Amino acid sequence: MRIVRNVRRMSALDQGCALTIGNFDGLHRGHQAIVRQLRERAQALGVPSVLMSFEPMPREFFAPERAPARLSSPREKMRMAQALGVDIFAWARFDAEFAGMSPHAFLEDLLSARLNAHYLLVGEDFRFGQKRAGDIETLRAFAHDREMEVAPLPDVQVDGARVSSTRVRDALAAGDVAQANRLLGHAYWVSGRVVQGERLGRTLGFPTANIRLARKPAPRYGVYAVWVYMADGVRRAGAASFGIRPTVNGREPLLEVFVLDFEGDLYGQRIDVSFEAFIRAEERYDSLDALTAQMHRDVARVRSHLQEPESP
């Protein structure tokens, strides 16, 4: 997959493309249907499929304090898009210059001059340009004059309602990992580099791999059964604690992963953590002994859920 770091600076796609535009946070089942339709049309036209996404997302730029939690980092989003078979991932750097583009400049300079889109897959509520002045009718009028095909998004529903990133966030915030994973069409996962911690877990008999998330977290604070995908590709069972660690007066959200039956050093390595089940909510304990006793119970529940036997 080719990656375009800034769509406003890219060379023109002379052969044209089939294009879709959006945030694509989490690349859930609805997004996956979009990519399938996009790839089918791209193959029929003999052009590359292009997914254009924003960084930061528009709401993060205009009102960062009210922006929703992120389901995927830019790195994770690109990895998922590549796995779905996207030919070109084009980033639109959403800054003051981009936000100030007129609808005419958006259509002429990006969609036509640079991307040369022959096919565009967007929703009926698609808005673009300064102050969101451009809408689907503006786009259709522009496309009609240039023989550009504009197609509606596929409608993917689960439990009678459209799949959306908001529904996934709501499920994660409620600790309903099973529902979130159903909507995603894959397990919710995060990727990060293991950082040095306070080594408290090691003193309690539960050494953890600590990951600080760069994005606003989506999951409910608590303990989870997870699969950990190591840098060498090996999958291991894990018990993950996500939260602010009130027992030790923590301040910032931290993901701490205890990899079952593992004694190696993970510092500096990048790992993937796949959330499988919510075990319990985060709690404050009166002593480290009480916390340690609870951690033993948590690990036993994780083993049972993931059907991992006790180590010999």
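## Starting with Arg79

Is Arg79 buried, partly exposed or exposed? In this predicted model, Arg79 comes out at 36% relative accessibility, so it counts as partly exposed; the cut-offs are under 20% for buried and over 50% for exposed. Its salt-bridge partner is Asp272, with the closest N and O atoms 2.7 Å apart. Arg79 belongs to helix 3 and Asp272 to strand 14, so this pair ties together parts of the chain that are 193 residues apart in sequence. Asp272 itself counts as buried, because its relative accessibility is 14%.

## The six-stranded sheet

Strand 14 is part of an open sheet of six strands, ordered 9-14-11-12-13-10, with antiparallel pairing. Strand 9 (189–193) and strand 10 sit at the edges with a single partner strand each, so one side of each has no neighbour in the sheet. From one strand to the next, the twist averages 35°. Strand 11 (residues 222–229) and strand 14 (residues 270–281) are joined by eight bridges and run antiparallel; to find one of these in the structure, look for Ala225, whose bridge partner in strand 14 is Ala277.

Two helices to look at here are helix 3 and helix 8. Helix 3 (residues 74–83) packs on the sheet and touches strand 9 and strand 14, with its direction at about 125° to that of strand 9. Helix 8 also packs on the sheet, touching strand 11 and strand 14, and its direction makes about 135° with that of strand 14.

## Strand 13, covered on both sides

Now for strand 13 (residues 254–259). Six of its six residues are buried, so the rest of the structure largely encloses this strand. In a regular strand, side chains alternate between the two faces of the sheet. Here Leu254, Glu256 and Phe258 are on one side, Leu255, Val257 and Val259 are on the other, and all are buried.

Strand 13 pairs with two strands, both antiparallel to it. Strand 12 (residues 235–243) is joined to strand 13 by six bridges, and Gly238 has Val259 as its bridge partner. Strand 10 (residues 209–211) is joined to strand 13 by three bridges, with Ala209 partnered by Val257.

## Helix 1

Helix 1 (residues 29–45) has 17 residues and spans 25 Å from its first C-alpha to its last, close to the 24 Å expected. Its buried residues are Gly30, His31, Gln32, Ala33, Ile34, Val35, Leu38 and Ala42. Their cover includes strand 2 (17–21), strand 3 (49–55), strand 5 (117–121), helix 7 (165–173) and helix 8 (177–184). After helix 1 comes Gly46, with a positive phi near 70°.

## More salt bridges

Across the whole structure, a search finds 15 salt bridges. One of them joins the side chains of Glu108 and Arg146, at 2.7 Å from N to O. Glu108 is in helix 5 (residues 103–114) and Arg146 is in helix 6 (residues 136–146), 38 residues apart. Glu108 is partly exposed at 23% relative accessibility, and Arg146 is partly exposed at 37%.

Helix 6 also supplies Arg140, whose side chain meets that of Glu124 in a salt bridge at 2.6 Å. Glu124 is in the loop between strand 5 and helix 6, 16 residues from Arg140. A network of salt bridges with shared partners brings together Arg8, Arg9, Asp95 and Glu97. Arg8 is in the loop between strand 1 (2–4) and strand 2, and its 8% relative accessibility counts as buried. Beyond its neighbours within four places in sequence, Arg8 has contacts that include Arg93, Phe98, Met101, Leu110 and Arg114.

Technical notes
Residues numbered from 1 in each chain as written. Predicted model: local features only at pLDDT ≥ 70, side-chain atom pairs only at ≥ 80, totals over all residues. Heavy atoms only, no water. Helix = DSSP H or I, 4+ residues; strand = E, 2+ residues; numbered from the N terminus. Expected span 1.5 Å × (residues − 1). Buried < 20%, exposed > 50% of the residue type's maximum accessible area, 1.4 Å probe, protein only. Contact = heavy atoms within 4.5 Å. Pairing = 2+ DSSP bridges. Axes fitted to C-alpha atoms, helices over the stretch in contact; angles between N-to-C directions. Salt bridge = Lys/Arg side-chain N within 4 Å of Asp/Glu carboxyl O.
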